[in-house]
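Hello! Here are some notes to read with the model open beside you. I have kept them in an order that should be easy to follow on screen.

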Amino acid sequence: MDVPFKIDLGGQVAVVTGGTGVIGGMYARALAACGAKVAVLGRSKENGEKVVADITADGGEAMAVSANVLDRESLISAREEILAHYGHINILVNCAGGAVKSAQVPQDYFCEAADGEDTFFSIDLENVHRELDLNIYGTMLPTQVFGEALKDQENANIVNISSMSAYHPLTRIPGYSAGKAGVASFTEWCAIYFAKSGIRVNAVAPGFFHTTQNHALQYNEDGTPKPRTQHIVDGTPMGSFGRIEDLVGGLLYLVDPRGSRFVTGTILPIDGGFHIYQGV
């Protein structure tokens, strides 16, 4: 993988939850390109093996491990497998998370609801519960299980994935916004709790990015942006969506044992200025 700059992670072991996803897979490849041995965690070991194949083809070293970030025993088993294979763990990247489509509210404002359309008052809060579990519990539990193994390790650090919705809640996604705000708060809490143990804890807060998966949600078939897409671009001072690879530099900075040795509790926005723009 072509990374924006190289750091030296030789001899270090990184665990990436959600490692079979778009961001998680990219982060796993980037860490391996900088010399780390990478454990790619995901519910599907088969999908993890595809990421591992990319890494080994580029001369890196990785292993695929099946794990569910909402299942403690699954994570403990994964930790023991990784420790048996590599001997130690230095870096944990909590990439598992995401939005649950059935938890979304269909309109920006209650007064815009069409006849028979769901509103905030009728959505099933069990779906919101799933969303909160995936984002908050799915970050807390791996931190609890793997964080213990980081103690006394060189360059011990944890990187979580927050969101623009952690700064200001985005319309239509109340559960996701609450979940990512929780991740940001938990990141800051952990940074204090682990500070005297030599473990740094930070987070990346992605803005809006073009990916193959969300292209149909952002653009019409004729290539014109949908109204919500145009609203996002208008709200981004740099005037465009980011490219997914723009997220790599932030991760490498946060895990760099030299460049960010004194950095902890930081939520790093990579968003083209979206989170600071008030529209005027």
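The points below go through strands and helices, then some single residues, and end with a pocket.

1. Please keep in mind throughout that this is a predicted model. The values below are computed from it, and the residue numbers start from 1 along each chain.

2. A good place to begin is strand β2, residues 37–42. Of its 6 residues, 5 are buried, so the strand is mostly covered, taking buried as under 20% relative accessible area. As a reminder for viewing, side chains in a regular strand alternate between the two faces of the sheet.

3. Which strands pair with β2? One of them is β1, residues 13–17, which pairs with β2 in the parallel sense over 4 bridges. Within this pairing, Ala14 has Val38 of β2 as its bridge partner. Between the two strands the chain passes through helix α1, residues 22–33, and this β-α-β crossover is right-handed.

4. Strand β3, residues 61–66, also runs parallel to β2, and 6 bridges join the two. If you want a pair to display here, Lys37 has Glu61 in β3 as its bridge partner. Helix α2, residues 45–57, belongs to the β-α-β unit made with β2 and β3, which is right-handed.

5. Does the length of α1 agree or disagree with what its residue count suggests? With 12 residues at 1.5 Å a residue, α1 should span 16 Å, and its end C-alpha atoms are 17 Å apart, so the two agree.

6. Several residues of α1 are buried: Gly24, Gly25, Met26, Tyr27, Ala28, Ala30, Leu31 and Ala32. For reading that list, it helps that an α-helix has 3.6 residues a turn, so residues three or four places apart point the same way. Just after α1 comes Gly35, with a positive phi of about 100°.

7. Two further backbone angles deserve a look if you check torsions. Most residues other than glycine have a negative phi. Asp152, however, has a positive phi near 70°, and Arg172 has a positive phi near 80°. Neither of these two residues is a glycine.

8. Where do Asp152 and Arg172 sit? Asp152 is in the loop between α4 (125–150) and β5 (157–161), while Arg172 lies in the loop between β5 and α5. Asp152 counts as exposed because its relative accessibility is 65%, and exposed means over 50%. Arg172, at 32%, falls between the two cut-offs of 20% and 50% and therefore counts as partly exposed.

9. Is Ser177 buried or exposed? Its relative accessibility is 3%, so Ser177 counts as buried. Ser177 is placed in helix α5, residues 174–194. Leaving aside residues up to four places away in sequence, Ser177 touches Ser165, Pro169 and Leu170.

10. Last comes the second largest pocket, with a volume of about 270 Å³. Its lining has 15 residues, and those nearest its centre are Thr143, Gln144, Glu148, Tyr193 and Phe194. The elements giving two or more residues to this lining are α4 and α5. Of the elements, α4 gives the most to the lining of this pocket, with 7 residues.

Key. Side-chain values use heavy atoms; hydrogens and water are left out. Buried means under 20% relative accessible area, exposed over 50%, partly exposed in between (1.4 Å probe, protein chains only). Two strands pair if DSSP finds at least two bridges between them. A crossover is right-handed if, with the strands pointing away from the viewer, the path from the first strand over the helix to the second runs clockwise. The expected span of a helix is 1.5 Å times one less than its number of residues. Contact means heavy atoms within 4.5 Å. On a 1 Å grid over the protein atoms alone, a cavity is a set of points where a 1.4 Å probe fits but cannot get out, and a pocket is an open set with protein on both sides within 12 Å along at least five of seven lines; lining residues have an atom within 4 Å of a point. Grid points are joined across faces, edges and corners, and a volume is the space filled by probe spheres set on the points.
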